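Student: I would like a close look at one part of this structure, namely its pockets and the residues around them. Please take me through the lining with some care.

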Amino acid sequence: MALPVNATRGQHVWYWCLRLICAFGFLFLIGPIVIVVPISFSAGSFLSYPLPGFSMRWYDAVVEPFPWMFALENSLIVAVSTTIIATALGTLAAYGLTRADFPGKPFVFGLLISPLAVPLVITALGLYFFFARVGLVQTHIGLIIAHVVLAVPFVVITVSATLKGFDWNLVRAAESLGARPLAAFFQVTLPLILPGVLAGAVFAFVTSLDEIIVALFVSGPAQLTLPRQLFTGLRDQVDPSIVAIASILIAFSLVLLVVVELLQWRSAGQRSRRED
């Protein structure tokens, strides 16, 4: 039965209104990025429009040894260490929770991902009081441990989602042929879930690289990270070098987003091939 003309016209109007709302929402989210990037090439000494001229002077300031390169070095040390530890722990936790069945399993899973639900200020305050007792405040090790706590939930969720469609008969077949559990994991399971593991590692890296609240509590001057330096610069002295480093981080985030999408696409393709 055909719809009345008025109903068809109403659906058409609602369709275009929805598209218009989505377009405005997209512009609202992407607008700050569009504004920030051109200012990083300003020849002026202040954040202003229109640009007084074109210059790369603020990108030259970014590559100075201090403070930006010092902060970037610390951020990379902490982020890479966090990624390695969080990926290993999160993958093993997701593997155990997916394959094993034991009382309290939902509680353990909830405990692992609880840092996502607890406000970061509460987490940072608790870590500060604990680290102060054991002497880990203002140390790289303390900051890495704190970031691992925040990054592990992302790895657990990502790898658990990948393992949902995993065919455990492949592992049983490997074990029936004499493979030990550890060998079966590295030779059968890990290669098949590798896209999910890498996606979790990317999330862990971004979480550590972008974290500011916990760093304000547990890090010191020697552990100055990039987000903390950005926060300090915005508070004390705003100059276009902040916008330059922000533009670099935006470009880096876009690259990581493309990497995650490619990994998820590859994981989905492998899953569909196994189902076929």
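How many nonpolar, polar and charged residues does the lining of the largest pocket have?

Tutor: The model is a predicted one, and in it the lining of the largest pocket has, by class, 20 nonpolar residues, 2 polar residues and 2 charged residues. In total 24 residues line this pocket, and those that lie nearest its centre are D210, A246, L249, I250 and S253. The elements that each give two or more residues to this lining are α1, which spans 5-39, α8, which spans 181-210, α10, which spans 226-236, and α11, which spans 240-275. Among these helices, α11 gives the most, with 13 residues. The space that lies in the largest pocket comes to about 640 Å³.

For the second largest pocket, the corresponding space is about 160 Å³. Its lining includes P115, L116, V118 and L120, together with L150 and F154, and it is completed by V206, T207, D210, E211 and I212. Two elements give two or more residues to this lining, α6, which covers 140-163, and α8, and the largest share, 3 residues, comes from α8. By class, the lining of the second largest pocket has 8 nonpolar residues, 1 polar residue and 2 charged residues.

Taken together, the two linings meet at D210, which lies among the residues nearest the centre of the largest pocket and also lines the second largest pocket. Likewise, α8 is listed among the elements that give two or more residues to the largest pocket and gives the largest share to the second largest.

Conventions:
Residues are numbered from 1 along each chain as its sequence is written. This is a predicted model: local features need pLDDT of at least 70, side-chain atom pairs count only at pLDDT 80 or more; totals for chains, interfaces and linings use all residues. Side-chain values use heavy atoms; hydrogens and water are left out. On a 1 Å grid over the protein atoms alone, a cavity is a set of points where a 1.4 Å probe fits but cannot get out, and a pocket is an open set with protein on both sides within 12 Å along at least five of seven lines; lining residues have an atom within 4 Å of a point. Grid points are joined across faces, edges and corners, and a volume is the space filled by probe spheres set on the points. Helices (H or I, at least four residues) and strands (E, at least two) are DSSP runs, numbered from the N terminus. Ala, Val, Leu, Ile, Met, Phe, Trp, Tyr, Cys and Pro count as nonpolar, Asp, Glu, Lys and Arg as charged, and the others, Gly among them, as polar.
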